[in-house]
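Reader: I'm new to reading protein structures. Could you take me through this one, a few residues at a time?

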Amino acid sequence: MAQIATVNYHVHKPERQAFELDADGIVGNLISPELVPRQVAVRDVRVSDANLSFKGNSVAFKKFPTDVQSFDAGKDWQDTYNSELSKLLTSELGAQDVIVFDHTVRVDDPKADRAPARNVHSDYSVDGAQKRLIDISGDDKATEWSKGHYAFINIWRPIGAPINSAPLGFIRPSSVADDDWILLDLIYPDRRGQIMGIAANPDHDWLYMSKMTPDDVAFFNIFDNRGLPSIAHSALDMIEDPKIHTIRRSIESRTLVRYAA
């Protein structure tokens, strides 16, 4: 049986729209374009999609415990975690090279620096991905990697407790129409990028994994230069068990991978 969740879709407009992060120099201050809430039916892959594949759906879930005990503000844990994520993408996707370039801890609290992203989106446009490739690897390596097969893949994990509210949901790529995508600017204090928002469409096939634990991960495709679809995603406003009051905490890690020729 599908769950009902609320998500915030983007809206088509004649002018270019933008997010401004850490606006006015205030960490966590977000200026957002217009969003419209919609209720959607969300299918739980634990009971309805046991054979969900990354290649077929641009997302997969796996039990993958970590040796990291605390994802605190320091960096002592990052080498260990980066190595674990590299092994995951190598074994699951056949990645030849993996660069882990960002970690974001999100806490579902108005006072948090980074709250769950409650807009339906994917992280890169084509131009945004190419620019980020250069930013991360430099001009020479970017040119080399662009001749082959590379991708940006995110890895998402709960922290501290199983997810009871605001789980991460995904739209099956085959249910997204080309016209659903909206190009958005992403404005940081020190750089600019682009992401892709999604407009509402009743054909969207939403899925998630219920009650993910800190031993579970979701890994999902954000951009692939050989055409694997980018997957739209968002935090889902829903509660699994109203008797449980844990706050949703998670870590989202961004990676750049190169596949064998």
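Author: Let's start with a definition: a residue is called buried under 20% relative accessible area, exposed over 50%, and partly exposed in between. Keep in mind that this is a predicted model.

Reader: Okay, let me try that out. Is Asp-190 buried or exposed?

Author: First find the residue: Asp-190 sits in the loop between β10 (181-187) and β11. Its relative accessible area is 68%. The cut-off for the top class is over 50%, so Asp-190 is exposed.

Reader: And how far apart are the C-alpha atoms of Asp-190 and Asp-135?

Author: Along the chain, these two are 55 residues apart. In space, the C-alpha atoms of Asp-190 and Asp-135 are separated by 12 Å.

Reader: What about Thr-80, which class does that one fall in?

Author: Thr-80 belongs to helix α3 (residues 78-93). Its relative accessibility is 37%. The class between under 20% and over 50% is the one we need, so Thr-80 counts as partly exposed.

Reader: Which residues does Thr-80 touch, not counting residues up to four places away in sequence?

Author: One partner can be followed through its C-alpha distance: Thr-80 and Asp-67 are 13 residues apart in sequence and 7.6 Å apart in space. With sequence neighbours up to four places away left out, the residues touched by Thr-80 are Asp-67 and Val-68.

Reader: Now the inside. Which residues have the most contacts inside the largest nonpolar core?

Author: As a rule of thumb, nonpolar side chains tend to be buried together in soluble globular proteins. Here the largest nonpolar core has 25 residues. At least two of them come from each of β5 (59-63), α4 (126-146), β8 (149-158), β9 (168-171) and β13 (216-224). The residues with the most contacts inside this core are Val-59, Phe-61, Phe-152, Phe-170 and Phe-220.

Reader: How many residues are in the second, separate core?

Author: Among its members are Phe-54, Leu-93, Ala-151 and Leu-228. The size of this second core is 23 residues.

Reader: Where is Phe-219, and is it buried or exposed?

Author: Phe-219 is part of strand β13. Leaving aside neighbours within four places, its contacts include Phe-54, Val-59, Leu-88 and Ile-153. Its relative accessibility is 2%. That is under 20%, so Phe-219 in strand β13 counts as buried.

Reader: I spotted something odd at Ser-58. What is its phi?

Author: Ser-58 is in the loop between α2 (54-57) and β5. With a relative accessible area of 1%, Ser-58 is buried. Although Ser-58 is not a glycine, its phi is positive, at about 70°.

Reader: Lys-211 has a positive phi too, so what is its value?

Author: Lys-211 lies in the loop between β12 and β13. At 48% relative accessibility, this lysine counts as partly exposed. It is not a glycine either, and its positive phi is about 50°.

Reader: Ser-210 is in that loop as well. Which residues is it in contact with, leaving aside neighbours within four places?

Author: Yes, Ser-210 is placed in the loop between β12 and β13. Being in a loop doesn't settle the class here: Ser-210 has a relative accessible area of 8% and is buried. Beyond four places in sequence, Ser-210 is in contact with Asp-44, Arg-46 and Glu-240.

Reader: Next loop: how far is the backbone nitrogen of Asp-203 from a polar atom of the side chain of Asn-201?

Author: Asn-201 is in the loop between β11 (192-198) and β12 (206-208). It is buried, with a relative accessible area of 16%, and touches Tyr-9, Ala-177 and Asp-180, if residues up to four places away are not counted. A polar atom of the Asn-201 side chain lies from the backbone nitrogen of Asp-203 at 2.8 Å.

Reader: Last one! How many residues lining the second largest pocket are nonpolar?

Author: This pocket holds about 270 Å³ of space. It is lined by 14 residues, and the closest to its centre are Tyr-124, Val-126, Trp-181, Met-196 and Ser-230. The lining has 3 polar residues and 1 charged, and the number of nonpolar ones is 10.

Technical notes:
Residues are numbered from 1 along each chain as its sequence is written. This is a predicted model: local features need pLDDT of at least 70, side-chain atom pairs count only at pLDDT 80 or more; totals for chains, interfaces and linings use all residues. Side-chain values use heavy atoms; hydrogens and water are left out. Helices (H or I, at least four residues) and strands (E, at least two) are DSSP runs, numbered from the N terminus. Buried means under 20% relative accessible area, exposed over 50%, partly exposed in between (1.4 Å probe, protein chains only). A polar contact is a pair of N or O atoms within 3.5 Å; within protein, one must be able to donate a hydrogen and the other to accept it, and residues adjacent in sequence count only if both atoms are side-chain atoms. Contact means heavy atoms within 4.5 Å. A nonpolar core is a set of buried Ala, Val, Leu, Ile, Met, Phe, Trp, Tyr and Cys residues joined through side-chain atoms within 4.5 Å. On a 1 Å grid over the protein atoms alone, a cavity is a set of points where a 1.4 Å probe fits but cannot get out, and a pocket is an open set with protein on both sides within 12 Å along at least five of seven lines; lining residues have an atom within 4 Å of a point. Grid points are joined across faces, edges and corners, and a volume is the space filled by probe spheres set on the points. Ala, Val, Leu, Ile, Met, Phe, Trp, Tyr, Cys and Pro count as nonpolar, Asp, Glu, Lys and Arg as charged, and the others, Gly among them, as polar.
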